[in-house]
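Biologist: I'm new to this one and would rather get to know a single part well than skim the whole thing. Please pick one region and take me through it slowly.

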Amino acid sequence: MSAVRRPAAAAAGDHILDLDDLGVVFTTETGPVRAVRGVSLHVAPGETLALVGESGSGKSTVALAAMGLLSGNARATGRAVVDGTDIVGADEERLSGLRGSTVSMVFQEPATALDPLTRVGKQIAEVIRNHRRVSAADAAARAVELLRRVGIPEPEQRARAYPFQLSGGQRQRVVIAMAIANEPALLIADEPTTALDVTVQAEILDLLRRLAAQTGTGVLLVTHNMGVVADFADRVAVMYQGAIVETGPVEDVLLRPSHDYTKRLLSAVPRLSVAEAAASGERRADEPEAAPAGEPAVELRDVSVVFGRGKRAVHALKGVSFAVHPGETLGLVGESGSGKSTASRVALGLIAPTTGSVTLFGADLARTRARARRALRAGIGVVLQDPVASLDARMTVGECVAEPLRIHRGGLSGRERESLVAAVLDRVRLPREVARRTPRELSGGQRQRVSLARALVLEPRLLVADEPTSALDVSVQQAVLEVIGELQEELGFACLFVSHDLAVVQQFARRVVVMRAGRTEEQGLTSATLLHPETDYTRRLLAAVPVPDPVVQRGRRAQRLATLAAGRTEEQG
């Protein structure tokens with residue numbers, strides 16, 4: 001094994017975060033579990049350190065330890081010094097004074113950080129008043145200003161909104177506004193852009209970069225996205241099985257990794273070859289698109305969907321048409337609010353189109369009676385982005401996977417169901433004994449494979465996968481995509497693959513539909529569409545995708561920002 005690369009020592013007092021031989025042990029029913037082993041790292045003011053590694057490597061535990069947010073069954077050793085205060089062993093009163101003022105955290109899922117019953121402006125104002133002696137009116141005004149600062153349009157109006165009334169990207173901006181409300185010395189960002197589309201992700205990274213430059217805030221970035229690391233980090237620390245195995249400047253670690261684990265991790269990263277080819281000036285010839293054989297598994301023809309009436313009507317889809325054929329994967333991409341999730345729900349028969357038609361396995365859904373429609377739906381499998389939300393925590397894995405069998409094949413005996421569950425667990429590369437465990441006992445990648453097993457247990461003719469890999473680290477993501485690809489080849493199902501990750505779509509989908517504001521912007525073979533986009537919108541999407549090469553990404557970022565600046569100048573002119 002290669003030696004650990006150590007950073008050059010900095011002068012004492014230069015660091016906003018100092019971890020020295022940090023260890024974390026969890027007490028469990030089966031005995032102690034060492035999640036973090038002797039971690040030492042630092043973050044200087046204005047610097048971004050990326051902490052990367054697979055699920056279970058300990059990176060999120062390190063972040064929680066630095067915030068003093070470890071669970072009651074955890075014991076920390078060593079030192080975790082934030083702006084001169086050792087978090088390890090500090091009492092709750094001292095920690096409460098630090099959190100939100102000296103150190104703040106941006107979590108991966110904003111829904112867990114926001115109160116669904118409180119307006120977002122009030123939530124930001126509460127964070128301010130918890131640490132500063134200001135009037136309610138001044139805190140409310142400051143909340144609006146923070147919403148404007150993080151790029152939320154019409155901030156006065158949005159301050160009165162509840163979290164559910166905002167898009168995913170807007171909710172994440174609200175969480176960032178809360179985190180920076182008191183200008184913390186250290187910002188810990190745990191997967192802050194995982195669930196965001198590429199353009200919003202680029203804007204969030206620009207925002208955090210400006211924050212660090214303007215205020216000198218140090219940033220500890222926890223992520224599995226190597227493109228984000230290349231775009232945003234100054235240094236990188238790689239974790240494996242609770243320990244730091246390599247650390248150094250971002251260019252050294254990503255371009256010249258010394259540890260075998262880092263090399264394996266980087267080799268699993270999906271790369272948008274279109275973006276890298278464009279950056280190097282290379283071009284590929286267009287491929288002719290052969291007409292798919294056979295009847296489409298699902299087809300949308302000139303579909304429009306309108307929610308509400310009158311002035312409050314929202315046009316979610318506007319004349320959308322596409323088809324997915326047996327054995328092929330169609331990628332559906334676009335920003336949040338583009339309509340791609342609505343289109344997938346229309347394909348599932350969960351939303352009836354206002355105008356247009358939907359054909360599922362040759363049957364017009366609008367003319368199909370309820371019983372026949374239910375039989376058609378038995379031919380659809382669904383994999384959602386968050387397996388935690390889609391799997392019942394009270395059920396065993398075996399019960400979760402068998403649920404479609406109970407609904408659609410009620411005549412099966414318990415033994416027959418168990419046999420089918422065991423067979424599909426084999427197909428998704430999970431040991432059969434997993435059936436006796438609960439979802440919370442599994443890793444994120446294992447839970448997503450359970451979701452896939454449940455979707456495939458009826459051997460569907462159509463698989464709808466809505467962001468199935470966005471929350472997974474790169475090696476697990478690669479494994480899940482390999483499993484889907486192998487099963488598609490074996491079973492021949494059509495796959496509608498909804499994603500904001502263009503690199504994954506390029507790797508996995510034969511054809512792609514690019515959506516914007518409820519319309520189909522363009523569609524065609526993935527290789528041709530992403531290499532030679534016909535619209536400015538698709539070109540902007542591609543330009544926002546970070547590539548895991550810091551040198552290339554630096555140039556791409558500068559080009560993207562120059563294009564945006566030129567666009568703003570034209571609008572003002």
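Modeller: Here is a close look at one sheet, its surroundings and one residue at its edge. First, some housekeeping: this is a predicted model, so local features need pLDDT of at least 70 and side-chain atom pairs count only at pLDDT 80 or more, while totals for chains, interfaces and linings use all residues. Residues are numbered from 1 along each chain as its sequence is written, and side-chain values use heavy atoms, with hydrogens and water left out.

For the setting, the protein chain has 23 helices and 20 strands; these are DSSP runs numbered from the N terminus, helices being H or I with at least four residues and strands being E with at least two. Its radius of gyration is 25 Å, which agrees with the value near 25 Å that a compact globule of 573 residues would have (taken over C-alpha atoms, the rule being 2.2 Å times the number of residues to the power 0.38).

Now to our sheet. Six strands make up this open sheet, in the order E6-E7-E8-E3-E9-E10, with mixed pairing; two strands pair if DSSP finds at least two bridges between them. Strand E6 (103–106) and strand E10 (243–249) are at the edges with a single partner strand each, so one side of each has no neighbour in the sheet. On average, neighbouring strands here are turned by 15 degrees against each other, ignoring direction (axes are lines fitted to C-alpha atoms, for helices over the stretch in contact, and angles run from 0 to 180 degrees between N-to-C directions).

Look next at strand E3 (residues 48–52), which runs parallel to strand E9 (residues 235–240) and is joined to E9 by four bridges. Leu-49 has Arg-235 of E9 opposite. Helix H11 (residues 260–267) packs on the sheet and touches E3, E9 and E10, its direction making about 100 degrees with that of E9. Another helix, H7 (residues 168–180), lies across E6 and strand E7 (186–190) and runs at about 175 degrees to E6. When I say contact, I mean heavy atoms within 4.5 Å.

What about nonpolar packing? The largest nonpolar core has 57 residues, and Val-52, Val-174 and Val-238 are among those with the most contacts inside it. Such a core is a set of buried Ala, Val, Leu, Ile, Met, Phe, Trp, Tyr and Cys residues joined through side-chain atoms within 4.5 Å. Beyond its neighbours within four places in sequence, Val-238 is in contact with residues including Val-52, Ile-244, Val-245, Tyr-261 and Leu-265. Apart from this core lies another, of 53 residues, which includes Val-333 and Val-505. As a general habit, nonpolar side chains in soluble globular proteins tend to be buried together.

Let's finish at the edge, with Val-103, which sits in strand E6. Val-103 counts as buried because its relative accessibility is 1% (buried means under 20% relative accessible area, exposed over 50%, partly exposed in between, with a 1.4 Å probe and protein chains only). Outside its neighbours within four places in sequence, Val-103 is in contact with Met-67, Val-82, Leu-98, Pro-184, Leu-186 and Ile-188. Leu-17 is 86 residues away from Val-103 along the chain, yet their C-alpha atoms are separated by 9.6 Å.

One of those contacts, Val-82, stands opposite Thr-85 in strand E5. Strands E4 and E5 (residues 85–86) pair antiparallel over two bridges, and in their hairpin, with two residues between the strands, Asp-83 takes a positive phi near 50 degrees.
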